[in-house]
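Please have a look at the model below before reading on. My comments are set out as numbered points.

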Amino acid sequence: QVQLVESGGGLVQAGGSLRLSCAASGIMFSINDMGWYRQGPGKQRELVAAITNGGITNYADSVKGRFTISRANAKNTVYLQMNTLKPEDTAVYYCNAAVRTFSGALDAWGQGTLVTVSS
């Protein structure tokens, strides 16, 4: 069984920074793309940033220049550095990973971590 555990959420003032971490554990053959999604109040879940196992990144337009995604493959961990946070960044942030197990492909999700940005 594969688990993704997020950490680093919390309450921050507008203009501040937070760093989210997500560690994958369990029996895995490999991890391909990893990413962060978020779901704000009354909104649909949306992609924030993604990174391939080769380090190619992709960002939502709303976070470009403010957020940075990175990963440590040896630790099966993905990070999201969030700077210049805005109240509209308030959401539950979910980690996602495309995992290959010995049973096949698995789309794994974390339980979510709440980020609240006060104005």
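The points below cover strands, the disulfide, salt bridges and the surface.

1. **Status of the model.** This is a predicted model. Please read every value below as computed from predicted coordinates.

2. **The four-stranded sheet.** One open sheet has 4 strands. Their order is β1-β3-β8-β7, and the pairing is antiparallel. β1 (3–7) and β7 (67–72) are the edge strands, each pairing on one side only. On average, neighbouring strands in this sheet are turned by 15 degrees against each other, direction ignored.

3. **The β1 edge.** How many bridges join β1 and β3? There are 5, and the two strands run antiparallel. β3 covers residues 18–25. Within this pairing, Glu 6 sits opposite Cys 22 of β3. Cys 22 returns in the next point.

4. **The disulfide.** The structure has 1 disulfide. Its partners are Cys 22 and Cys 95, with sulfur atoms 2.1 Å apart. Which hand does the disulfide have? The torsion about the S-S bond is about -80 degrees, so the disulfide is left-handed. Cys 22 belongs to strand β3 and Cys 95 to strand β9 (residues 91–101), so the bond ties together parts 73 residues apart in sequence. Both Cys 22 and Cys 95 are buried.

5. **β4 and β5.** These strands pair in the antiparallel sense over 5 bridges. β5 spans residues 46–51. Gly 35 has Ala 50 in β5 as its bridge partner. The two strands form a hairpin with 6 residues between them. In the turn, Gly 42 has a positive phi of about 70 degrees.

6. **β5 and β6.** The run continues with another antiparallel pair, joined by 3 bridges. Here Ile 51 is matched with Thr 57 in β6. The hairpin of β5 and β6 has 5 residues between the strands. Gly 55 takes a positive phi near 95 degrees in this hairpin.

7. **β9 and β10.** 6 bridges hold this antiparallel pair together. Asn 96 stands opposite Trp 109 in β10. How many residues does the hairpin use to join β9 to β10? The hairpin joins them through 2 residues. Phe 102 is found in this loop between β9 and β10 (104–109).

8. **Salt bridges: the network.** The structure holds 4 salt bridges. Arg 38, Glu 46, Arg 66 and Asp 89 are linked in a network of them. In one contact, the side chains of Arg 38 and Asp 89 meet at 2.9 Å, N to O. This pair links distant parts of the chain, 51 residues apart. Arg 38 is in strand β4 (residues 30–39), and Asp 89 is in the loop between β8 and β9. Asp 89 also forms a salt bridge with Arg 66, at 2.7 Å, N to O. That pair is 23 residues apart, with Arg 66 in the loop between β6 (57–59) and β7.

9. **Are the network charges buried or exposed?** Buried means under 20% relative accessible area. Arg 38 has 6% relative accessibility, so Arg 38 counts as buried. Asp 89 has a relative accessible area of 0%, so Asp 89 is buried as well. Arg 66 is likewise buried.

10. **A salt bridge with an exposed partner.** Asp 61 and Lys 64 meet through their side chains in a salt bridge of 3.1 Å, N to O. Exposed means over 50% relative accessible area. Asp 61 has 65% relative accessibility, so Asp 61 counts as exposed.

11. **A nonpolar patch.** Ile 27, Phe 29 and Phe 102 make a nonpolar surface patch of about 400 Å². Phe 102 is exposed, with a relative accessible area of 66%.

12. **The β7–β8 loop.** Lys 75 is placed in the loop between β7 and β8 (77–82). Lys 75 has a relative accessible area of 58%, so Lys 75 is exposed. The C-alpha atoms of Lys 75 and Gly 55 are separated by 15 Å. Along the chain, these two residues are 20 residues apart.

Technical notes: Residues numbered from 1 in each chain as written. Predicted model: local features only at pLDDT ≥ 70, side-chain atom pairs only at ≥ 80, totals over all residues. Heavy atoms only, no water. Pairing = 2+ DSSP bridges. Axes fitted to C-alpha atoms, helices over the stretch in contact; angles between N-to-C directions. Disulfide = S-S within 2.5 Å. Buried < 20%, exposed > 50% of the residue type's maximum accessible area, 1.4 Å probe, protein only. Patch = residues over 30% accessible without salt bridge, like charges linked within 9 Å, V, L, I, M, F, W, Y side chains within 5 Å. Areas by Shrake-Rupley, 256 points an atom, 1.4 Å probe, with all protein chains shown as cover.
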